[in-house]
Amino acid sequence: MKTVPIADAAAMIPDGARIVVGGFLSVGTPDRLMDEIVRQEKRDLTVIANDTARPGIGVGKLIDAKCVRHAIVSHIGTNPETQRQMMAGEITVELVPQGTLIERIRAGGYGLGGILTPTGVGTLVEDGKQKIEVDGTPYLLETALKADFALVHAFLADYLGNLAYALTARNYNPIVAMAGETVIATAEHIVPVGVIAPDHVITPAPLVDYIVANG
Amino acid sequence: MDPQTVIAKRIARELKSGMLVNLGIGIPTLVAGYAAPDVQVFFHSENGLIGTGAIPAEGMAHPTLTDAGGRPVTALPGASTFDSAISFGFMRGGHVDITVLGGLQVDQTGHLANWMIPGKMVPGMGGAMDLATGAKRVIVAMQHTAKGQSKIVATCTLPITSARPVDCVVTELAVIRFTGGKAVLAETAPGVSVEQVRSATEADLTVADDLHEMRLS
């Protein structure tokens, strides 16, 4: 694990990169990274995240600044700008049931090819997907999602990169941290090793490549 | 009593102590306010919280304690937080006893449509499909009609949320249960006749042998 200034963290992400971002309606989203990606005018990103939050907030910042070409998300109802760009053909959006999205990311990080879920069977979601019957019940084969960069936000990060999360800001973050080729974390507090007890570490240090230094 | 209150009060009577309950947005959210005082249920928020409490007092909100709509909430004693994979495991895995969802249409066989209006409203399904597919019981809370059109239809014209039929729909006029591919009129709201329900319903209704008046408290 290395500690990097925020500008260097975002500079690692090239135009056209595929990023998976933690957070749920901006709660638990690495906001400083969102701001810096916007400042560095990244383009053509593929974003995998629960949602695009709202204009000016969380992942919505990337949408506003036209950093995104393709979004894989479960919900865009709270962000009219995402809907506008989608209708105008400026971005493409793949809508995925939330429980399927988190499992596809988990599969990516856990070395699985995909998962079988009953969610979406018999609906528009099954279009083009393989259906597999197990003990008489039909499931959809939903394939794994991985990304070049995983961007997560923790409550605590220690000097080695162990992470712990706060309340509902945990959400996608621990799963997202498994699914990136390179994992970059921001944290509310950077603390000495040992402050986070082993039982309270949610994301173990070897997963985390970079901790963004306090500004 | 306004339609939303009738619906919320009737559904609140389904809540029993010890249940794990997920409430969708809109009318379903109101149900929590009408649970009997001696009934202690756990409310589940899909962003990763069991033990969701009321909206905090002014100035007491915490930015990392929110509900599935991103709004500040409180957590009750015994609450727990967890990641999204566990949260949806609760739903899909049948660990949620009751989910209450809003609806655009419910058809004769109990199919729910509540996530998109093609060409008009494409917000994404969020957690609706997982809840409708995996919760032990699915209750739909919605008004019986919209702009004079029945929302309880013969066949959904909007894209359905799940192939799994809902257990019942509660409207300001009636409770309709879905069993064996049939829509069964089980309860009528106080002062509402079977004929009134029929005329507001596009789907074919079978009247239950034990049809009775809806109890609201």
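1. A salt bridge is a side-chain nitrogen of Lys or Arg within 4 Å of a carboxyl oxygen of Asp or Glu. In this predicted model, the side chains of A:Glu103 and B:Arg92 meet in such a salt bridge, with a distance of 3.9 Å from N to O. The pair satisfies the rule because 3.9 Å falls within the 4 Å limit. Across the interface of chain A and chain B, the rule finds one salt bridge.

2. The interface can also be described by its contacts, since 38 residues of chain A are in contact with 35 residues of chain B. Eleven residue pairs across this interface are found to be in polar contact, both residues of each pair being at pLDDT 80 or more. On the side of chain A that touches chain B, the elements giving two or more residues are α4, α5 and α6 (173–176) of chain A, and α5(A) provides the largest share, six residues. Sorted by class, that side of chain A has 20 nonpolar, 14 polar and four charged residues.

3. The size of an interface is often given as the accessible area lost when the parts come together. For chain A and chain B the area buried between them is about 2700 Å², and 66% of it lies on carbon and sulfur atoms.

4. Helix α5 of chain A, which covers residues 98–110, deserves a separate check of its length. At 1.5 Å a residue, its 13 residues should span 18 Å, and the C-alpha atoms at its ends are 18 Å apart, so the expected and computed values agree. Just after α5(A), A:Gly111 takes a positive phi of about 75°.

5. How many of the 13 residues of α5(A) are buried? Eleven of them are, and therefore the helix is largely enclosed by the rest of the structure. Among these buried residues are A:Leu101, A:Ile102 and A:Ile105, together with A:Gln98, A:Arg104 and A:Glu103; A:Glu103 is also the residue that forms the salt bridge with B:Arg92.

6. Helix α4 of chain A (residues 80–87) can be read from its start to its end. At the N-terminal end, A:Asn79 acts as a cap, with a side-chain oxygen lying 2.9 Å from the backbone nitrogen of A:Glu81. A:Glu81 is itself buried in α4(A), as are A:Thr82, A:Gln83, A:Gln85 and A:Met86, and what covers the buried residues of this helix includes α3 (60–64) and β5 (92–95) of chain A. Just after α4(A), A:Gly89 takes a positive phi of about 75°.

How values were computed. Residues are numbered from 1 along each chain as its sequence is written. Chains are lettered from A and ligands numbered from 1 in the order in which they are written. This is a predicted model: local features need pLDDT of at least 70, side-chain atom pairs count only at pLDDT 80 or more; totals for chains, interfaces and linings use all residues. Side-chain values use heavy atoms; hydrogens and water are left out. Helices (H or I, at least four residues) and strands (E, at least two) are DSSP runs, numbered from the N terminus. The expected span of a helix is 1.5 Å times one less than its number of residues. Buried means under 20% relative accessible area, exposed over 50%, partly exposed in between (1.4 Å probe, protein chains only). Contact means heavy atoms within 4.5 Å. A polar contact is a pair of N or O atoms within 3.5 Å; within protein, one must be able to donate a hydrogen and the other to accept it, and residues adjacent in sequence count only if both atoms are side-chain atoms. Buried area is the accessible area (1.4 Å probe) that two parts lose on being put together, summed over both. Ala, Val, Leu, Ile, Met, Phe, Trp, Tyr, Cys and Pro count as nonpolar, Asp, Glu, Lys and Arg as charged, and the others, Gly among them, as polar.
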